[in-house]
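Student: I'd like a close look at one single residue in this model, and then a walk outwards from there to the rest of the structure. Could you take me through it step by step?

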Amino acid sequence: MTREAIILRLVHEAIDVVNEGLPPGAALEKAPEVTLFGVDGRLDSLGLVELLAETEVRLEEEFSVSVSLVNDKALSQRNSPFRSVGSLVTYVTDVVATEAPVSEAG
Amino acid sequence: MDTGFLTGTRAENRAGDFMVWRDVGYSYRWLMAAIEDWHTRFDRLSLPAGAVVMVESDYSPSTAALLIALLQRNAIAAPLNRGGPASMPAEIAAVAPVACHVALDGDDHWTISPGTVPQPPVHPLIDRLRSSGHPGLLLLTSGSSGRPKAVLHDADALLARFRQPRAPMRMPAMLVFEHLGGLNTLFHTLATGGTLCVLPDHRPDTVCAAIARHRVEVLPTSPTFLQLMLLTGAHERHDLSPLRLITYGSEAMPQATLDRLSAALPGTRLKQTYGSIEVGAFASRSQARDSLWLALDVEHRVVDGVLQLRTSAAMLGYLNAPSPFTADGWFVTGDLVECDGAYLRILGRTSDLISVGGEKVFPQEVEAVVQELEWVRDVRVHGEPNALMGAVVCARVRVDAPADARWAAAEVKRHCRARLPRHQVPVKVFVGTTGLPTVRGKKLRYVRSTQEAGG
């Protein structure tokens, strides 16, 4: 399994946890184009924070990296990494690549 | 200082035991003789009134005699737990001129060594105490939020409330010796002419067996111990019928634990106590045995939700930190409270408060809800900085048997979602079987263990 595929699986698991707390009918689908946060976003701040927190604990287990996905840099990007499921997976993959070189944790 | 009220002034008490130590009783008569022996030793050293004496020990017959001798000499006693952090004696020596250091070992054998040099300049509060001619107690705070603060008490003012005669009581020594709660248990028992039972350890079975064997009537303890007792079922294996009163304090009592305790021991009165190292303990009354609302028998007021107290038993001050008193003498406790007429409910420490997107979260409230899950052994809730919300709520949960950490974490979230407003639900839940951190017996909320599994 490639690292990106693993990250995709972890984000999907995090979505499952967040969905448990959402009202019936509001559950997020696990598709790249699903909007998360911002214009027409399906999550509010707290929902996004939970999704990212659930992703962080899974990254720590899987890759032994301690990362903070919400930071000022991520929040100030013109194209928010949190706008959709797809952009989040790309962003997380980049963050993990910086924190853990492929040779160690691939 | 006249300490007659601590040494069994009533003639009928003299033959009674003031302490049971290693299953041997020590009488008030023994105590009086042991106090005189300490005076002989200190006279030989020409120990003056006002001298600072470090006492490194634990509950024992000779230690009790030593503390009383120091009170009688108007010295300043600085009690430290034997086996506590090695840095503690240096913390004392940094703030007060220690004249001598008395150490008692596990067999109650003593050694006296000279104080450390160079000595710090004499703090104005020590000067003030010395000129009043009263004895002192110098204690260290638990230091859960940084370096321990050195608290100086006028022992005469602090112990004044024990001068009122009360019926003799048998109590076990449950709280840490060097803490005010521990010293309070010791002095309170002596003042009633009662008996302090020193236990080899504080495991629930040891404590419950001692209650049955020594006919212990009052159990001053912490919610953590009571929770452990209920979980291990120790109270069902021993006869706790002598126990008339359980007092608990020093940390938040989860309502679920109180309810379980109330059901498990229907014949025992349950009372929440309130006090602090800075102001001592005072009388309090729980609204009901299963209620966390309590009335305080001390002058108090609430300013911006924070409890303030005014009492003559309050410390003279800190020797190494800014004064926590207002200009008109109120002690700012740092405890946030809710009021209902004469009753108060402690919500938590202002310093523990988590602000999630501007909404306040009290860790204790969340901990109480997590604790409702029967398989949860212990829990700590703390805030983690977050760029989006300011802070988020995190929980570290201890379980007894290794379980599926993911499943357990999801269960904790599910339960909290059902019981709490959304911003109070922990976004991160870590589950493990390792003990959660404490500092000298107090819960610590900010350190994360490396052995926990995420989920």
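**A close look at D297(B)**

Tutor: D297(B) counts as exposed, because 12 C-beta neighbours lie inside 10 Å of it, and 12 or fewer is the cut-off for that class. Please keep in mind as we go that this is a predicted model.

Where does D297(B) sit along the chain? Its place is the loop between β17 (294-296) and β18 (299-303) of chain B. If you set aside the neighbours within four places in sequence, D297(B) is in contact with F282(B), A283(B) and S284(B). For a sense of distance, you can also pick out A49(B): 248 residues separate it from D297(B) in sequence, and the two C-alpha atoms are 33 Å apart in space.

Follow β18 onwards and you come to another loop. D304(B) is in the loop between β18 and β19 (306-310) of chain B. D304(B) has a phi near 50 degrees, which is a positive value in a residue other than glycine. With 8 other C-beta atoms within 10 Å, D304(B) is exposed.

N74(B) is a helpful residue to set beside D304(B). The phi of N74(B) is near 55 degrees, again positive in a residue that is not glycine. N74(B) belongs to the loop between α2 (61-72) and β4 (76-81) of chain B. Is N74(B) buried or exposed? N74(B) counts as buried, because 20 C-beta neighbours lie inside 10 Å of it, and burial begins at 20.

Now let's step back to the chain that holds these loops. Chain B has 12 helices and 30 strands. Its C-alpha trace spans about 65 × 50 × 45 Å along the principal axes. A compact globule of 455 residues would have a radius of gyration near 23 Å, and chain B agrees, since its own value is 23 Å. Of those 455 residues, 47% count as buried. Contacts tell you something about the chain as well: among those between residues at least 6 apart in sequence, 65% join residues at least 24 apart.

Two pairs of helices in chain B are worth a visit. Start with α8 (residues 223-232) and α10 (residues 255-264) of chain B, whose axes come within 10 Å and cross at roughly 55 degrees. α8(B) and α10(B) are therefore oblique to each other, and their crossing is left-handed. From α8(B), the contact uses P223(B), L226(B), Q227(B) and L230(B), while α10(B) brings T257(B), R260(B), L261(B) and A264(B). Sorted by class, the contact of α8(B) with α10(B) has five nonpolar, two polar and one charged residues.

The other pair is α11 (residues 363-370) and α12 (residues 405-419) of chain B. Their axes come within 9 Å and cross at roughly 115 degrees, which means that α11(B) is roughly perpendicular to α12(B). Here α11(B) passes α12(B) in a right-handed crossing. V366(B), V369(B) and V370(B) of α11(B) meet V412(B), H415(B), C416(B) and R419(B) of α12(B). The residues of this contact of α11(B) with α12(B) divide into five nonpolar, one polar and one charged.

Helix α12(B) also leads us to the other chain. How many residues does each chain give to the contact between chain B and chain A? Chain B gives 15 residues and chain A gives 16. On the side of chain B that touches chain A, the largest share comes from α12(B), with three residues. By class, that side of chain B has six nonpolar, five polar and four charged residues.

Finally, cross over to chain A. Chain A has five helices and zero strands, so from the N terminus on its elements run α-α-α-α-α. The radius of gyration of chain A is 13 Å, close to the 13 Å that the globule rule gives for 106 residues, so chain A is as compact as a globular protein of that length. The C-alpha atoms of chain A fill a box of roughly 40 × 30 × 20 Å along the principal axes. Buried residues make up 34% of the 106 residues in chain A. Of the contacts in chain A with a separation of 6 or more, 66% are between residues 24 or more positions apart.

Technical notes:
Residues numbered from 1 in each chain as written. Chains lettered and ligands numbered in written order. Predicted model: local features only at pLDDT ≥ 70, side-chain atom pairs only at ≥ 80, totals over all residues. Axes fitted to C-alpha atoms, helices over the stretch in contact; angles between N-to-C directions. Helix = DSSP H or I, 4+ residues; strand = E, 2+ residues; numbered from the N terminus. Parallel < 35°, antiparallel > 145°, perpendicular 65-115°, else oblique. Left-handed = near helix turned anticlockwise from the far one by under 90°. Contact = placed C-beta atoms within 7 Å. Nonpolar A, V, L, I, M, F, W, Y, C, P; charged D, E, K, R; others polar. Rg over C-alpha atoms; globule rule 2.2 N^0.38 Å.
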